[in-house]
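This report introduces one protein chain to a reader who has not met it before. It starts from a single residue and then turns to the chain as a whole.

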Amino acid sequence: MTVKIIADLREHEQSRVALLEDGKLTEIFIEFNCNEDGMLSPREKSSSSIREGDIFKARVETLVPAISAAFVKLSRKTRSTVTGANNAFMYVSEMQDPSAVKPGHEVIVQVIRNARKNKAPRVTPRISIPGRWLVLVPNSDEVGVSHRISDPNERKRLKVLAETLKSEMHNHGVIIRTAAENITEEYLRADLQSLLELWKEISRKADNTQAPCMLYRDIGTLGRVLRDEISGKIDEIIIDDPDEFLNAQNFIDTFCPECPDVKLYDGVTPIFEYFGIEDEIRKAVDKKVWLKSGAYLIIEQTEALTVIDVNTGKFTSEPDMRHTVLSTNKEAAEEISRQLRLRAIGGIIVVDFVDMDCEEDKHELLQHFQKFLSHDRMKARVFSITRLGLVELTRKRERPDLKSVLTRSCPLCGDNGFVEREESIAISVKRFIRKITGANNAEAFLIQTDNYSAQYICHYLDEWESEFGRKIFIAGTEDFTRGKYRLDFQGNISDAERTARDLRQSNKGKVIIYKT
């Protein structure tokens with residue numbers, strides 16, 4: 001199996017990193033960079049959004065005794081890009097002295113679950129700082145080795161080493177990560193030393209800063225993927241931003257010298273469009289997923305669980321119904337395991353496979369399903385088939401699911417429908433403008449899109465014109481569906497102004513022109 005990492009980092013307001021296995025998109029990591037007002041901002045200027053792994057010196061705001069929990073204020077500026085709030089949820093029972101927790105109490109916490117929908121981020125006072133091969137657990141007696149390291153001799157070696165490192169640190173715990181398999185003690189000690197220095201800096205900042213405030217921001221999207229995903233199994237790494245390309249090269253040289261060289265993509269066509277990833281992302285928020293055989297899946301995500309229905313559709317190539325059903329279900333199991341990773345679906349999942357009467361076929365299907373789920377970093381537990389023919393499983397939720405990142409509730413029909421987020425549409429339009437500016441020297445461009453998107457995009461025209469050195473006109477029209485856009489004119493500025501004026505006059509009351 002060939003594995004590639006493709007990083008789309010050219011637009012600094014958004015970071016996207018894709019993992020391809022045998023040419024198929026299997027995981028996508030997307031992060032919008034926002035300022036304290038919730039507006040898109042270049043990542044080098046953005047420090048306000050709350051994300052998993054960040055560490056704060058928080059202040060307790062309110063207690064909820066009924067569930068032994070508290071809401072804490074993380075920072076004066078930081079806020080969740082999903083809920084818009086800067087308060088987080090914490091279980092008081094996780095504190096060393098729960099009775100001491102009162103409003104105004106200060107505590108160092110770490111984000112362990114991003115905000116999603118109407119739920120606040122969850123934080124814990126149990127800090128863990130991941131490195132390349134180790135995880136440092138400050139003020140803890142914890143010692144462990146990743147369960148994904150299966151070789152008994154290697155587990156024993158690493159366990160002994162972890163206990164040795166723990167005894168030398170006294171008051172800190174250590175966990176050996178999967179990537180540490182067959183890594184020498186010298187490298188592990190060096191990784192631990194860098195983590196100890198980082199914790200010392202976090203502690204110093206905590207002692208000298210008043211709550212609420214951020215103490216540590218976890219590395220960016222690409223850095224996390226390289227830290228958590230990179231191994232000798234990666235065949236190619238391609239990045240489209242020169243600065244991030246150099247950062248990735250330094251990381252590879254330091255931590256993974258056996259990995260392939262990082263390549264810089266400098267083509268005019270956006271990197272995800274070039275590799276066919278853009279279309280796959282669009283499909284990944286659709287409910288219906290077609291299989292090669294003509295069968296299909298229906299994926300319904302709800303607040304409580306995710307339901308996946310398998311249908312034979314057009315598939316009838318097997319000689320009898322039994323084999324048709326088994327072949328459909330096995331193909332569906334393979335695609336479902338991919339879709340769970342791609343869509344970052346976690347929690348409770350129920351799969352309604354096509355009904356099977358033969359117990360031998362049911363057993364074969366479960367074995368096949370578990371085989372493909374074993375490729376997933378997130379632990380998935382599969383239960384047996386119920387009397388109703390349903391397969392129940394749980395999957396660890398690592399990050400917000402793709403649907404919640406790219407869409408939101410429809411402003412017209414509320415919770416009954418979803419539309420693409422304005423941030424996502426704006427970045428798509430900007431990426432489109434970059435593509436056309438790279439292909440010609442026109443002074444001005446007129447882009448037509450729907451009214452909602454045009455109103456949002458107009459806030460960024462100053463920045464975009466400065467970045468691209470061109471005049472940009474945005475026309476909002478009620479005739480366009482949400483997220484649709486097109487290039488209506490390119491040329492000199494005076495002709496662009498005349499075209500925009502004519503467009504508005506010929507569509508009175510239906511077109512609004514936005515310009516700087």
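In this predicted model, Thr328 has a relative accessible area of 0%, and because buried means under 20%, Thr328 counts as buried. The residue belongs to helix 7, which runs over residues 321-342. From its place in that helix, the side chain of Thr328 reaches the backbone oxygen of Thr324, at a distance of 2.8 Å.

Beyond this one residue, the chain contains 13 helices and 27 strands. Of its 516 residues, 50% are buried, and Thr328 is one of the buried residues. The contacts with a separation of 6 or more can also be described by how far apart their partners lie in sequence: residues 24 or more positions apart account for 64% of them.

How does the overall size of the chain relate to that of a compact globule, and what radius of gyration does the chain have? A compact globule with 516 residues would have a radius of gyration near 24 Å, and the chain, with 25 Å, agrees with this. The table gathers values for the whole chain.

| Property of the chain | Value |
|---|---|
| Radius of gyration | 25 Å |
| Span of the C-alpha trace along the principal axes | about 75 × 75 × 55 Å |
| Exposed area | about 25000 Å² |
| Distance between the mean positions of positive and negative charges | 3 Å |

Carbon and sulfur atoms supply 49% of the area that the chain exposes. As for charge, the chain carries 76 positive and 82 negative charges, and the mean positions of these two groups are 3 Å apart.

Definitions and conventions:
Residues numbered from 1 in each chain as written. Predicted model: local features only at pLDDT ≥ 70, side-chain atom pairs only at ≥ 80, totals over all residues. Heavy atoms only, no water. Helix = DSSP H or I, 4+ residues; strand = E, 2+ residues; numbered from the N terminus. Rg over C-alpha atoms; globule rule 2.2 N^0.38 Å. Buried < 20%, exposed > 50% of the residue type's maximum accessible area, 1.4 Å probe, protein only. Contact = heavy atoms within 4.5 Å. Areas by Shrake-Rupley, 256 points an atom, 1.4 Å probe, with all protein chains shown as cover. Lys, Arg positive; Asp, Glu negative; His and termini not counted. Charge placed at Lys NZ, Arg CZ, Asp CG, Glu CD. Polar contact = N/O pair within 3.5 Å; in protein donor to acceptor, adjacent residues only side chain to side chain.
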